[in-house]
Amino acid sequence: MGERVEIFEVGPRDGLQNEAREIPAAEKIALVDCLSRAGLRRIECASFVSPKWVPQMASSGEVLAGITRADGVSYAALTPNMKGFEAAMAAGADEVAIFGSASEGFSRANINASIQESLARFAPVAEAANARGVPVRGYVSCVVECPYDGAVAPEAVARVVAALRDMGCYEVSLGDTIGRGTPEAVDAMLAAVLSEMPAARLAGHFHDTSGQALDNIEVALGRGLRVFDAAVGGLGGCPYAPGAAGNVATEAVAARLSALGYEHGLDMGVLEEAAGMARAMRG
Ligand SMILES: CC(C)(COP(=O)([O-])OP(=O)([O-])OC[C@H]1O[C@@H](n2cnc3c(N)ncnc32)[C@H](O)[C@@H]1OP(=O)([O-])[O-])[C@@H](O)C(=O)NCCC(=O)NCCSC(=O)C[C@@](C)(O)CC(=O)[O-]
């Protein structure tokens, strides 16, 4: 048996948040249920952000209420502030995520705060989650390049990772938000980040704008990372990251992991069914 690598499914959140068509909650619920059947163990399916900023995620509470919860699956939600955290708890999210940026330009465009201000907003969220025993995941966006500021220094990424670690994040996901990272740049970024957090607590989050996401995953595997975010059907794009294409497709990551001799534990037939649903949901 090969070594285990986990795919963290972000399709119902990162994948759908940017779709122009208002997707009915029932369609999202059916997709999440199919992903649960495919064997995914963590599925991000909600985002308690301002509905004025991201209208597509306004149905997050309805989605969490409507899914069929599979044993052992964690249904995750983004929570940028205490208002989002309280809403996520009321809706029954199993874990929450705070999401920062390594670049000032994206931080301002995405959450209307400087990096420092955003960390100050996240601190009470992490504290409240830790006090309630709710796992908190951290995201760092723009780990190699920012659509507003250009190239991002590896040390800037490492600083935000350290701050999220100190708040008690059990894992930090490193986002190549606009999918422009080359394997060389990703490797240099990881070298800096690994001085702050061990590979076992890091995840790779690659968008596939330049068709290099799978190569970047291989680089990260070489650095010891064993968790990768992906979106079924290659859904996605961030509303505040112009030019960003979809997340790397879950089924493509699973196929590459198998080819490399890793175990992912997913049912490829059911995953293909979910990918078909995801493609049909696209505008
Ligand atoms: C963070 C804020 C809220 C700050 O937005 P703000 O305007 O600075 O905040 P505010 O506190 O002044 O509130 C403004 C309004 O939003 C409301 N509000 C405030 N908070 C909430 C909340 N939690 N839920 C619902 N409503 C909320 C609040 O009540 C108020 O309503 P009004 O009085 O105008 O009617 C805003 O900028 C926002 O919602 N941004 C959305 C960011 C987002 O969702 N981006 C996409 C996800 S991140 C991503 O995709 C990247 C990632 C994670 O995948 C990794 C990668 O690929 O890099």
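**Exercise 1. Find which residues surround the ligand, and sort them by class.**

Start by counting: in this predicted model, 24 residues surround the ligand. Now zoom in on the closest ones, which are V49, S50, G84, S141 and G175. Next, ask which elements give two or more residues to this shell: they are α4 (82–91), α5 (104–111) and β5 (136–141). Last step, the classes: the shell has 11 nonpolar, 11 polar and 2 charged residues.

**Exercise 2. Work out whether the protein is as compact as a globular protein of its length.**

Get a feel for the parts list: there are 11 helices and 10 strands. Then take the radius of gyration, 17 Å, and set it beside the 19 Å that the globule rule gives for 283 residues. The two values are close, so the protein is as compact as a globular protein of that length. For the outline, the C-alpha trace spans about 45 × 40 × 35 Å along its principal axes. Inside, 51% of the 283 residues are buried. Finally, look at the contacts between residues at least 6 apart in sequence: 74% of them join residues at least 24 apart.

**Exercise 3. Check the span of helix α7, then find what covers its buried residues.**

Helix α7 covers residues 154–166, which makes 13 residues. The expected span is 1.5 Å times one less than that number, which comes to 18 Å. The end C-alpha atoms are 18 Å apart, so the check works out. Now pick out the buried residues: P154, A156, V157, A158, V160, V161, A163 and L164. Their cover includes β4 (95–101), α6 (115–132), β5, β8 (171–176) and α8 (183–193). Just past the helix, G168 has a positive phi of about 100 degrees.

**Exercise 4. Trace how α7 takes part in the largest nonpolar core.**

The core has 90 residues, and V140, V143, V157, V232 and V253 have the most contacts inside it. Which element gives the most to this core? That's α7, with 7 residues. Take V157 as a sample: leaving out residues up to four places away in sequence, V157 touches A102, V140, V143, V152, M189, A192 and V193.

**Exercise 5. Do the same for α6.**

With 18 residues, α6 reaches 26 Å from its first C-alpha to its last, close to the expected 26 Å. Its buried residues are I115, S118, L119, F122, V125, A126 and A129. To make sense of the spacing, recall that an α-helix has 3.6 residues a turn, so residues three or four places apart point the same way. The cover over the buried residues of α6 includes α4, β4, α5, β5 and α7. Just after α6, G133 takes a positive phi of about 75 degrees.

Key:
Residues are numbered from 1 along each chain as its sequence is written. This is a predicted model: local features need pLDDT of at least 70, side-chain atom pairs count only at pLDDT 80 or more; totals for chains, interfaces and linings use all residues. Helices (H or I, at least four residues) and strands (E, at least two) are DSSP runs, numbered from the N terminus. The radius of gyration is taken over C-alpha atoms; the globule rule is 2.2 Å times the number of residues to the power 0.38. A residue is buried if 20 or more other C-beta atoms lie within 10 Å of its own, exposed if 12 or fewer, and partly exposed in between; C-beta atoms are placed from the backbone. Two residues are in contact if their C-beta atoms, placed from the backbone, lie within 7 Å. A residue is near a molecule or strand if its C-beta atom, placed from the backbone, lies within 6 Å of it. Ala, Val, Leu, Ile, Met, Phe, Trp, Tyr, Cys and Pro count as nonpolar, Asp, Glu, Lys and Arg as charged, and the others, Gly among them, as polar. A nonpolar core is a set of buried Ala, Val, Leu, Ile, Met, Phe, Trp, Tyr and Cys residues joined through C-beta atoms within 7 Å.
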